[in-house]
Structures are given as C-alpha cells and as structure tokens.
Amino acid sequence: MPSSVMSTSRRGGGHPSPAAVSAVGLRKSYGDKTVLDGIDLSIPAGSVFALLGPNGAGKTTVVKILSTLITAGGGQAQVAGHDIAASPGGVRAAIGVTGQFSAVDGLITGEENMFLMADLHHLPKVEGRRVAAELLERFDLVEAAKRPASTYSGGMKRRLDIAMTLVGDPRIIFLDEPTTGLDPRSRHNMWQIIRELVAGGVTVFLTTQYLEEADELADRIAVLNGGRIVAEGTAEELKRMIPGGHVRLRFCDPHAYRSAGAVLGEAGRDDEALVLQIPSDGSQRALRSVLDRLDSAGVEADELTVHMPDLDDVFFALTGTPDQSLPSQSKENVR
Ligand code: ADP
C-alpha cells in the first residue's frame with residue numbers, strides 16, 4: 001500500500017482521520033506548457049478543502065486528474081484509498097464530481113435525469129424512485145421535477161447536478177467552481193447545501209476563484225498559482241502570512257490632514273481623498289500611539305477605521321505577480 005494512503009491528520013485535537021485525498025508531486029503538461037508543476041495535497045476525511053486560484057491556474061486540471069478523467073504526467077495520488085493510476089474504477093465508485101462538465105441532460109426532465117443516474121448505479125427500480133424522490137425534495141426541485149432541465153435556472157441546474165451525484169452515495173465530492181455565475185441568493189443556497197453535505201460526513205474538494213467562498217466553507221485552503229501551491233493553511237493562517245493591517249484616517253479639513261501627515265511620518269497618503277494609512281497590527285497600544293500623535297498636533301480625524309488583512313489581500317499578494325511565492329510588501333504597496 002502506498003505510504004500516503006496511511007497518512008493521517010488531526011482536526012480540532014480529535015482523533016486522527018485518514019486522508020480522503022492525498023497527492024505527491026502531481027504534474028501535467030500540454031505540449032511544452034506546464035500546467036501543474038508538482039502538487040502535493042493531503043485532505044482529511046470529512047473536511048472541506050478549497051483549491052483557490054485565478055482563472056487558468058490549473059484547478060480544473062487537478063480535479064480532472066483526481067477524478068480520473070485525465071491522467072497525470074507525473075506524481076501519485078490516492079483518492080478514498082484507491083490509487084488513481086492503478087485503480088481508477090475504485091476511485092470513480094467512491095467519488096462524485098459536479099461542475100463545468102455537468103452530467104445534467106437538458107432534453108429530459110429533472111426527474112428523468114435522476115432515474116437515469118439510479119439506473120447507472122444499478123439501483124432496483126423501486127429503490128431508484130425512492131432515492132430520486134428524496135433527493136428532489138431535499139434540493140427543492142419537486143415542483144420542477146417534470147420540466148425539461150433546459151428550462152431550469154443556473155442555481156436549479158447546479159442543485160440537480162449535486163442531487164444526481166448523491167444518487168451514488170459518494171464519500172468524496174469534487175465541486176468545480178460550484179457557484180461561478182450564480183446570483184447571491186443561489187450562491188448562499190449552494191453554501192448551505194455544501195455545509196449539509198459535510199455535516200453528513202462527506203469530504204468536499206472545492207475549487208473556487210472566490211476568496212469569500214473559501215473563507216466561508218473551507219477547513220483548509222490551498223492557493224494555486226503558476227502550477228504550484230504557493231500557500232496552504234486555514235483562512236486565519238493565510239491571513240497571518242501577510243502584513244496588510246493598517247489604520248485609515250479620513251479628514252474633511254485639508255489643514256488638519258496636512259498637520260496629521262506631518263506627525264504621522266510613515267503614513268501612506270491620498271492627497272485627493274484626504275486619507276492617511278498607517279501600517280498597524282490593530283492592537284490597542286498601536287491605536288493609542290496614533291491617537292496620541294494626533295492629539296499632540298491638535299487635530300482630529302473625521303473617520304478612523306482599522307483594517308486587518310483579509311483573504312483578498314492574501315490572494316492578491318500571492319498571485320499578483322507570476323512566480324512570486326511570498327509577498328515582501330504590504331497590500332498598500334502591492335496594489
Ligand atoms: P482553471 O480551472 O484554474 O481555470 P484549468 O485547469 O482549466 O484552469 O486550465 C489550466 C491551464 O491549462 C490553462 O492555461 C488551460 O488553457 C490549459 N489547458 C487545460 N486543458 C487543456 C487541454 N486539453 N489542452 C491544452 N491546454 C489545456
């Protein structure tokens with residue numbers, strides 16, 4: 001058995017859980033273009049993992065390799081304990097994949113799509129109908145069930161796609177950009193569905209271009225850029241990786257703005273908006289120092305806000321410049 005199948009990780013100090021997905025040195029090239037240049041992954045069972053990266057970073061390629069739709073050019077991976085190269089059938093039996101290569105057939109109804117999946121999984125007819133009805137109900141598709149899927153909205157199609165995937169009762173689900181193109185309400189619906197899947201014990205491998213989505217859903221996030229994973233950790237860990245915290249002071253009076261600028265020498269300036277930005281860790285001590293200096297100049301800011309780095313800052317810092325593995329500058333300088 002490959003050693004990475006045995007790898008375990010701890011979540012929340014609980015029992016070690018076996019890796020649902022593990023990969024070492026995954027590579028893929030098209031012609032002389034290297035798309036993946038050595039990807040390592042270890043995803044504990046029952047967790048949500050987000051692969052985050054800009055358009056064209058290689059996210060779909062990772063999903064296609066791990067779900068055995070295409071072969072890797074190098075490296076190894078195990079999914080649900082099955083080697084992707086040696087046992088692709090074992091992998092396919094354990095996983096569900098939804099996303100850009102959706103299985104939904106627009107010419108037949110939602111219900112017929114569900115029956116088709118039940119047949120593909122060799123469920124006896126009565127059992128297939130029961131499972132289909134249950135899933136259509138769960139994903140709020142009962143009213144639409146007898147209509148052709150081509151008439152469904154984007155959100156309904158995604159829900160049908162997930163419902164179809166669940167017919168096979170997969171332990172691991174790959175969701176390739178599950179909310180790209182959805183309106184905010186459908187996006188929040190999808191997030192709720194994903195949370196419910198995880199509560200039911202499913203491991204979710206998610207790709208996304210949206211920082212907010214990774215922040216909302218993922219236990220761990222890996223940032224893919226230039227064919228490599230340039231950072232990996234919890235949302236909080238990633239946010240701590242970059243400096244970017246600052247205090248922002250806005251003034252209405254140009255005179256007060258200039259006086260404050262004179263005592264806050266290291267501040268970034270926006271002379272038009274009358275805004276000063278002072279690098280800060282957001283602590284009480286740092287804020288007091290800023291306020292003391294303003295007092296000493298006898299000026300008062302009209303607005304004071306404290307900003308700590310968010311995932312957007314991390315993303316821009318890590319993916320802003322190709323092949324820049326770690327940022328050396330704060331957000332103000334990078335943008
Ligand atoms: P993402 O999902 O992050 O947007 P993809 O994995 O779809 O990125 O694509 C990564 C890169 O690989 C892109 O530059 C894309 O053009 C290229 N690519 C993907 N599939 C093929 C293919 N079949 N032939 C040639 N290039 C491809």
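Which polar backbone atom lies 2.9 Å from an oxygen atom of the ligand? In this predicted model, that backbone atom belongs to Lys 59. A second backbone approach involves Ala 57. There, a polar backbone atom is 3.1 Å from an oxygen atom of the ligand. Thr 60 contributes through its side chain. One of its polar side-chain atoms is placed 2.7 Å from a ligand oxygen atom.

These three residues belong to a longer list of ligand neighbours. The surroundings of the ligand include the run Pro 54, Asn 55, Gly 56, Ala 57, Gly 58, Lys 59, Thr 60 and Thr 61. Tyr 30, Lys 33 and Val 35 also surround the ligand.

Helix packing was examined next, beginning with α3 and α4. Helix α3 spans residues 110–120, and helix α4 spans residues 125–138. Their axes come within 9 Å. The crossing angle is roughly 135 degrees. An angle from 115 to 145 degrees falls outside the parallel, perpendicular and antiparallel ranges, so α3 is oblique to α4. The crossing is right-handed. On the α3 side, the contact residues are Glu 111, Met 114, Phe 115 and Ala 118. They meet Gly 128, Arg 129, Ala 132, Leu 135 and Leu 136 of α4. By class, this contact holds 6 nonpolar, 1 polar and 2 charged residues.

Helix α3 also packs against α5. Here the axes come within 9 Å and cross at roughly 25 degrees. This angle is under 35 degrees, so α3 runs roughly parallel to α5. The two helices cross in a right-handed sense. From α3, the contact takes Gly 110, Asn 113, Met 114 and Met 117. From α5, it takes Leu 160, Ala 163 and Met 164. The α3–α5 contact comprises 5 nonpolar and 2 polar residues, with no charged residues. Met 114 appears in the contact with α5 and also in the contact with α4.

Helix α5 in turn packs against α6. Helix α5 covers residues 154–166, and α6 covers residues 184–199. Their axes are 10 Å apart, at an angle of about 15 degrees. With the cut-off at 35 degrees, α5 is therefore roughly parallel to α6. This crossing is right-handed. Gly 155, Arg 158, Arg 159, Ile 162 and Leu 166 form the α5 side of the contact. The α6 side consists of Ser 186, Asn 189, Met 190, Ile 193 and Leu 197. The contact divides into 5 nonpolar, 3 polar and 2 charged residues.

Conventions:
Residues are numbered from 1 along each chain as its sequence is written. This is a predicted model: local features need pLDDT of at least 70, side-chain atom pairs count only at pLDDT 80 or more; totals for chains, interfaces and linings use all residues. Side-chain values use heavy atoms; hydrogens and water are left out. Axes are lines fitted to C-alpha atoms, for helices over the stretch in contact, and angles run from 0 to 180 degrees between N-to-C directions. Helices (H or I, at least four residues) and strands (E, at least two) are DSSP runs, numbered from the N terminus. Angles under 35 degrees count as roughly parallel, over 145 as roughly antiparallel, 65 to 115 as roughly perpendicular and the rest as oblique. A crossing is left-handed if the near helix is turned anticlockwise from the far one by less than a right angle, and right-handed if clockwise. Contact means heavy atoms within 4.5 Å. Ala, Val, Leu, Ile, Met, Phe, Trp, Tyr, Cys and Pro count as nonpolar, Asp, Glu, Lys and Arg as charged, and the others, Gly among them, as polar. A residue is near a molecule or strand if one of its heavy atoms lies within 4 Å of it. A polar contact is a pair of N or O atoms within 3.5 Å; within protein, one must be able to donate a hydrogen and the other to accept it, and residues adjacent in sequence count only if both atoms are side-chain atoms.
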